[in-house]
Every structure is written in C-alpha cells, then in structure tokens.
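Colleague: Please take a close look at one part of this model, the place where the two chains meet, and then set it against the sheets on either side.

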Amino acid sequence: SKPLAGTADLDTLLGKNYGALRDIVINANPSHPPLSLLVLHCLLRKRFHVLSTVHVHSSVSNVPPHLLACFEEQDKNQSRHDFQLGFTLIWKDVPTPQMKFSIQNMCPIEGEGNIARFLFALLGQQQDPITATLVDSWIDMAIFQLGQGSSKEKVAVLRTINAALGRSPWLVGANRSLADIVTCCVVLQAAGPVAIPANVQKWMKSCENLPEFNGVYKLLQ
Amino acid sequence: MTKEENNGAAEELQIQSKKALKKQQKEAEKAAKKADKQAKLAAEQQTTSEEDFAKDRYGQPAMVQSQQKPDRVLVRIQDLTPEKADQLVWVRARIHTSRAKGKQCFLVLRHQQFNVQALVAVGDRASKQMVKFAANINKESIVDVEGVVRKVDQKIESCTQQDVELHIEKIFVISLAEPRLPLQLEDAVRPDGAGDEEGRATVNQDTRLDNRVIDLRTTTSQAVFRLQSGICHLFRDTLIKKGFVEIQTPKIISAASEGGANVFTVSYFKTSAYLAQSPQLYKQMCICADFEKVFCIGPVFRAEDSNTHRHLTEFVGLDIEMAFNYHYHEVVDQIADTMVQIFKGLRDNFTTEIETVNKQYPSEPFKFLEPTLRLEYKEGVAMLREAGIEMGDEEDLSTPNEKLLGRLVKEKYDTDFYILDKYPLAVRPFYTMPDPSNAKYSNSYDMFMRGEEILSGAQRIHDPDLLTERAIHHNIDLEKIKAYIDSFRYGAPPHAGGGIGLERVTMLYLGLHNVRQTSMFPRDPKRLTP
C-alpha cells in the first residue's frame, strides 16, 4: 500500500517506525471524562488515519453507555495495520488521566494538560516561544486553579479569562489554540454553580461551534 | 594382721548393710508408688464405671448403614454466625485440630473451607471422661456434634467463623481416621517461604499428589476446585445464552486429528485406535450438519513427553466452533466475550475462593479489558523488536518471547488477557484459512492469559479444493484425511473456532505456577496414580 500523507511527519516526530500501528493508550476515569483529549482526538483524525477504540478496564464497572460510544463509527473493513495511529481510550480507575505510548522510551504521562500538549504537538504546528509559554500557562491555570480549585479561585480565574477575552476573540493570539480547547473543556466541566461572565459565554459558544467539539457533547450527557 | 583383717571384714559388712538398706528403701518406695498407682487406677475406674453421668453424650455409634432417619438438621459450619447465637444445633464436621487443657478441650471443627472453634468443658453437660474422649479423637475423623452457639468477646483469628464458638454437649464419632496422617493439613496450606523462616515443614508437590485425597481437603484446594467448577458453569451458561448447542464427541478415534505424532494408541479389538487430541473434526462436522454454534466440554489427550509446569497428558478441553456470516472476527468477538463473562463472573461471585487461594499463593488480581484487546501479530513483533528482540516476520513466538510480549502488553494496556490476531500462515495447521490480503498471513489467532497461551483458534478452510491444496502443501497423506475433506463437499458454511484448557485457565486466572495444582488427579508422563 502507498504511504499515507502525514506518515513521514510522524516518523520525524516520533522516531523509528517498527512497521506496525503506533498506538496511543489513554487511561481515564469515567467519573471525570477528559473532554479536551476528545477534542484533540477529533483534530488528529482530520490529519491522520486514526484507529479509535474504547475499552473498559476490569477496575471499573457500570460505565455509562454514552462513554462507551464516544467515538464515531469507523470503517470496519480495514485491519489494524491500515492505520497510522491508534487512539485507545480505556475507562479505568485512575486518579488522573494517564497516557502510555512508547513504553520502552517514555514514562507514562500523567495529567490531562500534559497529554493534551503531547497530542497537540503531533499536529505539527510550530509556535514561537512566547506563544507556547502563554498557552502552557493558560492550560495550567485551567487544570489546577479552575479544575481543582475552590469556588473563590474559580471565580478569580473566570474573571481573568473574561478580561483576556475582552481584548481578543481567543485566549492567545488571533486563532484558536490549545489554550482555548483545554480551558473551554474545563469550564464546561468544572464551573458548576459559579456564574459565567459574558465574554466567556460568548467565547464558549465560538468553541462549541468548532467541528472538533462535536464529540464533547456525547460525553457531557 | 588379724585385727586389720577383722577391721576390713567389718567395714565390708558395714558397706554391704548400707547397700542393702538403700536397696530395701528403694524397693519399699517402688512398692508404695505401685500401690499408689493401683489405688489411683482403681479410683479412676470407679469413677468411670460409676460416676460418668455423661456416658450417653459421647462415643462411637454403630456404622451408619442407613438404619434410621432421625429428624435432625445438620447445620453447615459456614452458617454458624452471630445470628445463631444461643441456639442448640447439630453439626457434622471433621476434627481439624484438638488441644486438651486440664478440664477443657478445644477443637477446631472443619467442613470444606470453613472452620469453627468448639469447646468441651467439664461441667453439668460434660464429664471428665467425655472431655478426655473428645481430646483423644484422631485428627480428620468425622464427628456429629450437638452444641450451643455462643458469641465470643474476642475474634477467633485462626477460624473462618470468628465471632462465635460452639459449646459442645454431645459428640459422636461417625468415621474414625487412622491416627497417623501422611501429611499435615497445616503444612500443606503454608505459603511458600513461610515454612523456611519458622523452621516449619511444607509439603512438596509429589507428596501432595500421592496423597491427593487429603491434599484436596485443604482450604486452598477446596477453593481452587470450586472456582474451576465455576469456570465450567460460566462457560456453559454464557454460550447457551448466546444460542450454542452442547455436543458430546467420541474420544476413541480412528485417525489422528492433528498430525500423526503425540497421540496415544489403544488396542481396539483386532485393530488399533487413537485417543482424541481435540474434538476438532467432530466440531467441524457438526457445523457442516447445520448445528451452527456448538461447544463441547470433555477430556483431551496429548501424548507429548514433556514434563513442564503447563503440560498434562490428559486435560479438560473447552471447545467452541461457530459458523459465521462474513468475517471470522464475529467468532473471535464471541469467544473473547465468553472469556470476559467468565472473568467477570469469577471476580463477582468467587471473591472468597480467590482470597483463600491468595493467602497461600499471593498474586495480583486478574485484569482485563472489555471489549478484549486485539493486537495483530505484526504489532506484537514490532513491540518485541522495540524491546530489543531480533526475530523474523514469519517466525513463530517462542515461549520466552510469548511471556515477554505478555509483560509488554500488560505494561502498556494493563491487561492480563489479550488476543493476538493474524498469525503467519506458515506456523499454523493445514486447515487454517489464509489471509485474503496477504498470503503470508492467516485468519488465525491465539489468546493469552498472564503471558501464556490458553487458546489457539482460526477460521477453518470450508472449501474442499483449497483444503486439499493446503494438505498437499503440508505433505499430508490425502488418503488418511479423506473422510475429513469429504465432509465439506456437500455445502459447508464458513466457520471458525478454538479450544481452551480448563486447568490452564484456572491456573493462570489464579496466578498459580503449576498446572497440576489445578488438575484434580493430574496425568503426566510420570504420573498415572492416584
């Protein structure tokens, strides 16, 4: 079969190819689905030929059906080695999302933010150091202060986001970045009873209108 | 001179008389002791014959020859709970241990994997003689006991029924065991290594197997074989729900089903026959006879002269064969789901048994994914190469590589159960269907538990011409398999299947190290008894 577009990029990004599917394994707790990773999965699918599968680990039972059907139907006639990337989501009893990729060279990567950074890097967008650092700091703020903080902290972060969105349509620069994806997903999941300011509401609408956000609603039922 | 002599004689006399005196004294003492003892004995006899008010409450009654049908409810030991406190109950159990201490005797009564502490104490219900009788019952004897269930203040750590004890009022020996046991049950359940530290004995495998009946009484064995029965039950239950039909196939066959080697030959009147290596042929014939989905649980024989931890010459095979519509993955998914249902059933219904086995043989809980992880052979080879193993594309997996791959898969996916699909055609039997997109590969699969193969399966060739071609390729004498090939000539549906070994599944599920531990009466090249 002829090499598919993007395979060469994957070789430069990920190193030696051993002639088989490169499978990304993500362990996530069904009580706290990692929404941003689903958005990134959607983006990966646009660029690569991705084999997506969902499993339930024996450490959890009674996973709701909408979490089992979180990926769109795939062409069943292709065998595993026809794909460039594997995206294997395992619902498992883990305290924080975890990614396992190349077990020989990489330690497992912990945390939704870190996994999101890795997946986004596979899309091959170049960023200057200032933008990259800004994106990183938004992600940290979203995951730790908004996602895990007290309601006081949450209000403060939402105010900061609101202010930033008053200056530009997206959090960093003129286009949608990883910062928007992760932050928006955390707001969707974590804001709860806290009131969402006007700019943030508008921005969330724009995020939700992006096609890559389609999968998120399935998880939010 | 004479004086001296006299003196000497007198001295001698004195010495003699001293000795004699001592002797006499000793004898007198002895006699006194004897008299004392006799008196005591007589007194005891008197008490036994005269004062034993409890002599109807113990003893060894006549052999149970079904003389009577008493209205007596025998309560099971596992049901002796605080809810039964202060009730008078009858129990039938074995004497696990007994310990007499003055006017009391503590017994541990055992039934299957459960035990309870029981107590006989001199009082208005039991006499001194009764306590003595209870203390002297040989270990492993079966007794009928009537007693009152009493709550205890402190948990009894050594028993399964920790919150209650049984105050015995009557005790009868139903079956007396011989005083000396070939192995001690406590020694047989001691975890490996624990014996070395405390200088206590452990029992080696062969001694256990030589005295299997006693070894099977241990809590560990009880749990292992109860769980094994559970596997069979879950296998049947799941498949029948999926619309399968259970079949029985002959074990005496006229031709070897999988190659000529490794078969037992039996004399069959004027000719010879073989013991079946697998019900393969018959399963496939049932498919051709429109049974669509069949399974079969029965003995399978392998005359391999290998003495390893995972080979037996006779084992129980759980075999599946199923006709499918368009893709053999329909069958793979069904088999994998059956295994997952078994694992789930064991996880949810056999917690006690798993814990019991873990006490002696600690192992990590069995992990799996649903749906089951299915990797392709190519991916497996790639994982091994990444880990530094050099192997060819079409090379078969060696046992060490198989185990290493199991470890790699566990590390990445955290599952002890996975499927390896699309094996190279060259390493599979002649009836394996080739892969349509790559002739080097085949529609065949293995399933692994804790890195060891438990199932080998494939889509079978249902076309007689292709089957003939593949048989010729494998240099198989067509005359010998004529009947097999002919069964596909009159319309045969596409089908696939596989077979697993019950003992291996039990062993690997529990993380045990030797398949003999999960075979009730194992058969290997060196063992034909018991």
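Modeller: What follows goes through the interface and then the sheets of each chain. The model is a predicted one, and every value here is computed from it.

Start with the extent of the contact. Chain B contributes 23 residues and chain A contributes 25 residues. Between them about 2,200 Å² is buried, with 52% of that area coming from carbon and sulfur atoms.

The polar side of the interface can be listed briefly. Between chain B and chain A there are 14 residue pairs in polar contact, counting pairs with both residues at pLDDT 80 or more. On the chain B side, the elements that give two or more residues are β13 (369-370), β14 (373-376), α11 (377-386) and α12 (399-413). Of the elements, α11(B) gives the most, with five residues. By residue class, the side of chain B that touches chain A has twelve charged residues, ten nonpolar and one polar.

The rule also finds two salt bridges across the interface of chain B and chain A. One of the salt bridges found across the chains joins the side chains of R80(A) and E379(B), with an N to O distance of 2.6 Å.

The backbone takes part as well. Strand β2 of chain A, residues 50-57, pairs with β13(B) in the antiparallel sense, over two bridges. Within this pairing H57(A) stands opposite L369(B), a residue of β13(B). The result is an open sheet with strands from both chains: six strands in the order β5(A)-β4(A)-β1(A)-β3(A)-β2(A)-β13(B), with mixed pairing. At its edges are β5 (109-110) of chain A and β13 of chain B, each of which pairs on one side only.

One step inward from the chain B strand, the sheet continues within chain A. There β2(A) pairs with strand β3 of chain A, residues 85-91, in the parallel sense over seven bridges. In that parallel pair S52(A) is opposite F87(A) of β3(A). β2(A) is thus antiparallel to β13(B) and parallel to β3(A).

Now to chain B itself. Its domain assignment gives domain 1 (74-175), domain 2 (185-215) and domain 3 (219-518). The C-alpha centres of domain 1 and domain 3 of chain B lie 48 Å apart.

Another interface element, β14(B), belongs to an open sheet of eight strands in chain B, in the order β7-β11-β12-β18-β17-β16-β15-β14, and the pairing is mixed. Both β7 (245-246) and β14 of chain B are edge strands with a single partner strand, so each has one side left without a neighbour in the sheet. Further inside that order, strand β17 of chain B (residues 452-459) and strand β18 of chain B (residues 495-501) pair in the antiparallel sense over five bridges. L455(B) and I500(B), the latter in β18(B), stand opposite each other.

A further set of strands lies earlier in the numbering of chain B. Strand β2 of chain B, residues 88-101, runs antiparallel to strand β5 of chain B, residues 142-151, and seven bridges join them. V89(B) has G147(B) of β5(B) as its bridge partner. Seven bridges also join β2(B) to strand β3 of chain B, residues 104-111, again antiparallel. In this pair R94(B) stands opposite R110(B). The two strands β2(B) and β3(B) form a hairpin with two residues between them, and G102(B) in the turn has a positive phi of about 60°.

Technical notes. Residues are numbered from 1 along each chain as its sequence is written. Chains are lettered from A and ligands numbered from 1 in the order in which they are written. This is a predicted model: local features need pLDDT of at least 70, side-chain atom pairs count only at pLDDT 80 or more; totals for chains, interfaces and linings use all residues. Side-chain values use heavy atoms; hydrogens and water are left out. Contact means heavy atoms within 4.5 Å. Buried area is the accessible area (1.4 Å probe) that two parts lose on being put together, summed over both. A salt bridge is a side-chain nitrogen of Lys or Arg within 4 Å of a carboxyl oxygen of Asp or Glu. A polar contact is a pair of N or O atoms within 3.5 Å; within protein, one must be able to donate a hydrogen and the other to accept it, and residues adjacent in sequence count only if both atoms are side-chain atoms. Helices (H or I, at least four residues) and strands (E, at least two) are DSSP runs, numbered from the N terminus. Ala, Val, Leu, Ile, Met, Phe, Trp, Tyr, Cys and Pro count as nonpolar, Asp, Glu, Lys and Arg as charged, and the others, Gly among them, as polar. Two strands pair if DSSP finds at least two bridges between them. Domain bounds come from an automatic or database domain assignment.
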